[in-house]
Amino acid sequence: MSGIMQNRKDEPFDIVKKPKHYNKGKYEAIEVIEDWQLNFNLGNTVKYIARAGHKDNIIQDLKKSLWYLQREIDRLEKGE
């Protein structure tokens, strides 16, 4: 098996570029992050929330999002 499967729009899934857990809705997290021009911390916060529970444990995903959000808050409070 090549690692490529079909999604609901008949576009191929690719384990590296388009895994199933990236495609749970109308928009991919990366598209939203780039469109909103989010920095690394906020982008990862959005990414982990958007994908929460689709690949790993939902609580683990939400804790990861919280960790990135707290990093961004700490960075802003330091005046960076």
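Student: How much area does the protein chain expose, and what share do carbon and sulfur atoms supply?

Tutor: About 6200 Å², with carbon and sulfur atoms supplying 56% of it. The areas are Shrake-Rupley values with a 1.4 Å probe. This is a predicted model: local features need pLDDT of at least 70, side-chain atom pairs count only at pLDDT 80 or more, and totals for chains, interfaces and linings use all residues. Side-chain values use heavy atoms, without hydrogens and water, and residues are numbered from 1 along each chain as its sequence is written.

Student: In what order do the elements of the protein chain run?

Tutor: β-β-α-α-α from the N terminus. Helices are DSSP runs of H or I, at least four residues; strands are E, at least two.

Student: How are two packed helices described?

Tutor: By the angle between their axes and the distance between the axes. Here H2 and helix H3 (residues 58-77) pack at about 160 degrees, axes 8 Å apart. Axes are lines fitted to C-alpha atoms over the stretch in contact; angles run from 0 to 180 degrees between N-to-C directions. So H2 is roughly antiparallel to H3 (an angle over 145 degrees).

Student: Is Thr45 buried or exposed?

Tutor: Buried, with a relative accessible area of 8%. Buried means under 20%, exposed over 50%, with a 1.4 Å probe and protein chains only. Thr45 is found in helix H2 (residues 40-50).

Student: Which residues does Thr45 contact, leaving aside neighbours within four places in sequence?

Tutor: Ser65, Tyr68 and Leu69. Contact means heavy atoms within 4.5 Å. Thr45 and Lys64 are 19 residues apart in sequence, with C-alpha atoms 7.5 Å apart.

Terms used: Angles under 35 degrees count as roughly parallel, over 145 as roughly antiparallel, 65 to 115 as roughly perpendicular and the rest as oblique.
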